[in-house]
Structure formats: structure tokens, C-alpha cells
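Where in a protein does a bound molecule sit, and what surrounds it? Take a look at the structure below, and then we will walk through it together.

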Amino acid sequence: MIPEHVTIIMDGNGRWAKQQGMQRLFGHRAGADSVRACCEYAVEKGIRYLSLFAFSEENWSRPKDEIDGLMELMIKSVIEEEPVFMKNNIRFRVIGDLSKVPSRVCEHIRECEEHTMNNTGLTLIIFLSYSGKWDIVQAVNRYAADREKGMVPPVCTADIFSGYLSTAGIPDPDLMIRTSGEQRLSNYLLWQCAYTEFYFTDVLWPDFRKEHLQNAVSEYEKRERRYGKTTEQLNK
Ligand code: IPE
Ligand code: IPE
Ligand code: MG
């Protein structure tokens, strides 16, 4: 079965640029082509959700020039891709701690989110200024506030809690891909990846194309998702 939600930690832009003797931003810009290729693949295959880790909370500690360049790239991509989203029925969403993101960037994001809100095909989610721990902590605080007002049951459950995460309503990722050979979560979707299948590849993000995504999906389709059960139980 094809995965309903594929998420990608897009890594290796800096190393790719270095290999070409270029600045890091050159790698980030080249990575935009990989995003487009993955969206095309997801639309063709009927994948419902494609989410991409674009900028972590920790990435705010990078050099200012690189951060500024990444924010400009975000604006440029949103403006350029909106017609493509409309043509392909793609709904665009951004998730993360946007209180840290420059307001000019937020405005462009909000506009694109609004314009594509009623599209019913692929949902493309960009995680920006996001971290898994931030998400869990903001969920705890919002749950606690509602509990104080008596708006929620006093005993929290996993289902209630999920509804307070920034990903509420979005199914947990079935497949998580990380490029560039790194094998870690880097504070990404900590709660939501509880039963996600992981796929790691040495390919650097700017080189990642449809065939690489196809390889990951094919590998996923061979996995047996047991959720604690035995193979015999699943085959009954
Ligand atoms: C991923 O590429 C993009 C972001 C984290 C913004 P990197 O910039 O981390 O590239 P490497 O890991 O230095 O090669
Ligand atoms: C993780 O990449 C975040 C994104 C891909 C946006 P990093 O390259 O920043 O991760 P670490 O710090 O090497 O783990
Ligand atoms: Mg990296």
C-alpha cells in the first residue's frame, strides 16, 4: 500500500554546495527543485500528505546571512509555486513557531495558505521554525489552559493530546525519509513518529529526485507494520 503521509528531513544542502565550490545558499536554492520533483511524484501517485522539514528551531542559531537567505527563498518559493499548487489542486500549509519568523515571510505564507485552502488533492506541509519538543510543550500549555477552564476532561489521553499538537487532524507520517546519510530525528516530529517507518539515504537533498522517492516508497511497501502484534496475527 502506498503511504498516506510521507515526511522528509531535507538534509545535505550545505555539503552539496561545498562539493560544487559554492556558498551554502546555492545548495538551499538548488533544493527547491527537489521539492518540486517530490510534489510532482506525490500528486502522480495520489499520496495524500507530503511534509517537509525546511527549518528547525535549532537552525535559528545559524549565521544570519544564511537565515536571511533561507527566509527570502521561502518567500520566492511561495510566490513562484502558488500557480503550480492551484493547477495541481495542492493545499499548502506551514507549521511551526511562526512568532520567530519575520512578519513579511508570514504574510506570504498566510496568503498562499488561504488561496490554496479549498484544494482537495495533495496537502503539502512545510515545517518551518519547528521542533518536536516545542510542539509538545505548546500542546501541554494549551491543554492545561483549557483544563483550567473546565473545557476538557481532567485526565488527558493520547487522543486528546494529539488534538493539541500543531499537527492536529493530520495523520501521523507513515514514512520518514532523511537524506545526506544522517541518521537522527534532530528534534523533528517526536510524538508523531511513534510508529513511522524510517528510510535513510546518502543522497544529498539537491540531488534527490522522483526515482529516489520511488525507491523509498518501494522499500516502505515491503515493510511489515506490526504495531506490536506478531506476523501470524497479521496474516490471519
Ligand atoms: C538542510 O541542509 C537544510 C536546512 C537545515 C535548512 P543543511 O544546510 O543542513 O546542509 P548540510 O547538512 O550542512 O550539508
Ligand atoms: C535538520 O537539519 C533540520 C532540517 C532539515 C530543516 P540540520 O542539518 O540542521 O540537523 P542537525 O543539526 O545536523 O541534526
Ligand atoms: Mg544538515
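Let us start with ligand 1, which occupies the largest pocket. On a 1 Å grid over the protein atoms alone, a pocket is an open set of points with protein on both sides within 12 Å along at least five of seven lines; a molecule sits in it if more than half of its atoms lie within 2 Å of its grid points. Keep in mind that this is a predicted model, where local features need pLDDT of at least 70, side-chain atom pairs count only at pLDDT 80 or more, and totals for chains, interfaces and linings use all residues. Residues are numbered from 1 along each chain as its sequence is written, chains are lettered from A and ligands numbered from 1 in the order written, and side-chain values use heavy atoms, with hydrogens and water left out.

Which residues are around ligand 1? Among them are M10, D11, G12, R15, H28 and L70, where being near means having a heavy atom within 4 Å. Helix α1 (13–19) gives the largest share of this shell, three residues, and α2 (24–45) also supplies at least two; helices here are DSSP runs (H or I, at least four residues).

Now look at polar contacts, pairs of N or O atoms within 3.5 Å. Oxygen atoms of ligand 1 lie 2.8 Å from a polar side-chain atom of R15, 2.9 Å from a side-chain N or O atom of D11 and 3.4 Å from a backbone N or O atom of G12. The protein covers 87% of the 380 Å² of accessible area that ligand 1 has on its own, by the Shrake-Rupley method with a 1.4 Å probe.

Key. A polar contact is a pair of N or O atoms within 3.5 Å; within protein, one must be able to donate a hydrogen and the other to accept it, and residues adjacent in sequence count only if both atoms are side-chain atoms. On a 1 Å grid over the protein atoms alone, a cavity is a set of points where a 1.4 Å probe fits but cannot get out, and a pocket is an open set with protein on both sides within 12 Å along at least five of seven lines; lining residues have an atom within 4 Å of a point.
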